[in-house]
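User: Hi! I am new to protein structures and would like to learn how the labels are earned. Could we go through this one together?

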Amino acid sequence: PTESYLSDPQVVGRDDEVRALRSVFNKARPGRVVVVSGALGSGRGRLMSQAATDAASLGWRVAEATFPGPPGLGALGDVLRNVARGLELPPGAVVDPDLAVLGAAPLRRQVDSQTQARLFVAITSILQRRVAAEGKPLVLMLRDVQRAPPLAQQALKVIRQMARAERVPILLVLSTTDEGDAPGSVLRQSFPEAQRLVLGPLGPQ
């Protein structure tokens, strides 16, 4: 695009944060995690939308969703179904009819550790195959992560670990409230090394 990404009127006052996210997209480091936090009205949603536009313009495949979504994997399940469309999946990618990871029905029951492990294998396989099929990096942009169900929170950790270990260009950009990323929170414990963009109050324009 010929226009500056800083010119979007929806993200006035957030030039530093827009630059920081664009810098992240310019360096496709596998398994990188960025957490965007701020109070209601801080512009988290607008910043995430602009970041998605920038990522797409730089050649990323962008998959977006907002938690909570359906039970089980929540909004992450919606993202996975979208990412999996058109892929030739290996046997067992749909773990079983009750889980229906890629089907129409959401996961509605607690799963045991063995089933959870199989589920995570299916998730990582889907993401790896999408990146390989398109030959472009993938960014999962997930909003309101403080509302994510426990299974989704664990799955995000597994995705990050897989991307790093296998050197797959997958990036997680997660938005949350200030409280959702406070010291001691699940998100802070899960991704202590994440790059953090904390949106303070906007001054007078």
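User: Why is Ala-152 called buried?

Analyst: In this predicted model, Ala-152 has a relative accessible area of 0%. Buried means under 20%, so Ala-152 earns the label. You can find Ala-152 in helix 5, which covers residues 150-166.

User: What makes up the surroundings of Ala-152, leaving aside its neighbours within four places in sequence?

Analyst: Ala-152 is in contact there with Phe-67, Gly-72, Leu-73 and Leu-76. A contact asks for heavy atoms within 4.5 Å. Take Gly-72: it lies 80 residues from Ala-152 along the chain, while the C-alpha atoms of the two are separated by 7.0 Å.

User: Leu-76 belongs to helix 3. How do you know that helix 3 is mostly covered?

Analyst: Count its residues: 8 of the 10 in helix 3 are buried. They are Ala-75, Leu-76, Gly-77, Val-79, Leu-80, Arg-81, Val-83 and Ala-84. Each of these falls under the 20% cut-off, because that is what buried means.

User: What do the buried residues of helix 3 pack against?

Analyst: Their partners are strand 2 (61-66), helix 4 (113-134), strand 3 (138-143) and helix 5. After helix 3 comes Gly-86, with a positive phi near 85°.

User: What makes the peptide bond between Phe-67 and Pro-68 worth a look?

Analyst: That bond is cis, with omega about 15°. Most peptide bonds are trans. Pro-68 sits in the loop between strand 2 and helix 3.

User: Which value makes Asp-144 worth pointing out?

Analyst: The phi of Asp-144 is positive, near 55°, and Asp-144 is not a glycine. Most residues other than glycine have a negative phi. Asp-144 is in the loop between strand 3 and helix 5.

User: And is Asp-144 buried or exposed?

Analyst: Set the number against the cut-off. Asp-144 has a relative accessibility of 18%, and buried means under 20%, so Asp-144 counts as buried.

User: Why is Arg-167 called exposed?

Analyst: Here the value is 57% relative accessible area. Exposed means over 50%, so Arg-167 fits that class. Arg-167 is found in the loop between helix 5 and strand 4. Its phi is positive too, at about 55°, although Arg-167 is not a glycine.

User: Now the whole chain. How many helices and strands does it have, and in what order do they run?

Analyst: The chain has 6 helices and 5 strands. From the N terminus, the order is α-β-α-β-α-α-β-α-β-α-β. Of the 205 residues, 50% count as buried. Among contacts between residues at least 6 apart in sequence, 74% join residues at least 24 apart.

User: How do you know where the predictor is confident?

Analyst: Look at pLDDT, which runs from 0 to 100. The chain has a mean of 83, and 80% of its residues reach 70 or more. Among the elements, strand 4 (residues 170-176) has the highest mean, 97, and helix 3 (residues 75-84) the lowest, 87.

User: Where does pLDDT stay under 50?

Analyst: One such stretch is residues 94-106, for which the model has 32 contacts beyond four places in sequence.

Conventions:
Residues are numbered from 1 along each chain as its sequence is written. This is a predicted model: local features need pLDDT of at least 70, side-chain atom pairs count only at pLDDT 80 or more; totals for chains, interfaces and linings use all residues. Side-chain values use heavy atoms; hydrogens and water are left out. Helices (H or I, at least four residues) and strands (E, at least two) are DSSP runs, numbered from the N terminus. Buried means under 20% relative accessible area, exposed over 50%, partly exposed in between (1.4 Å probe, protein chains only).
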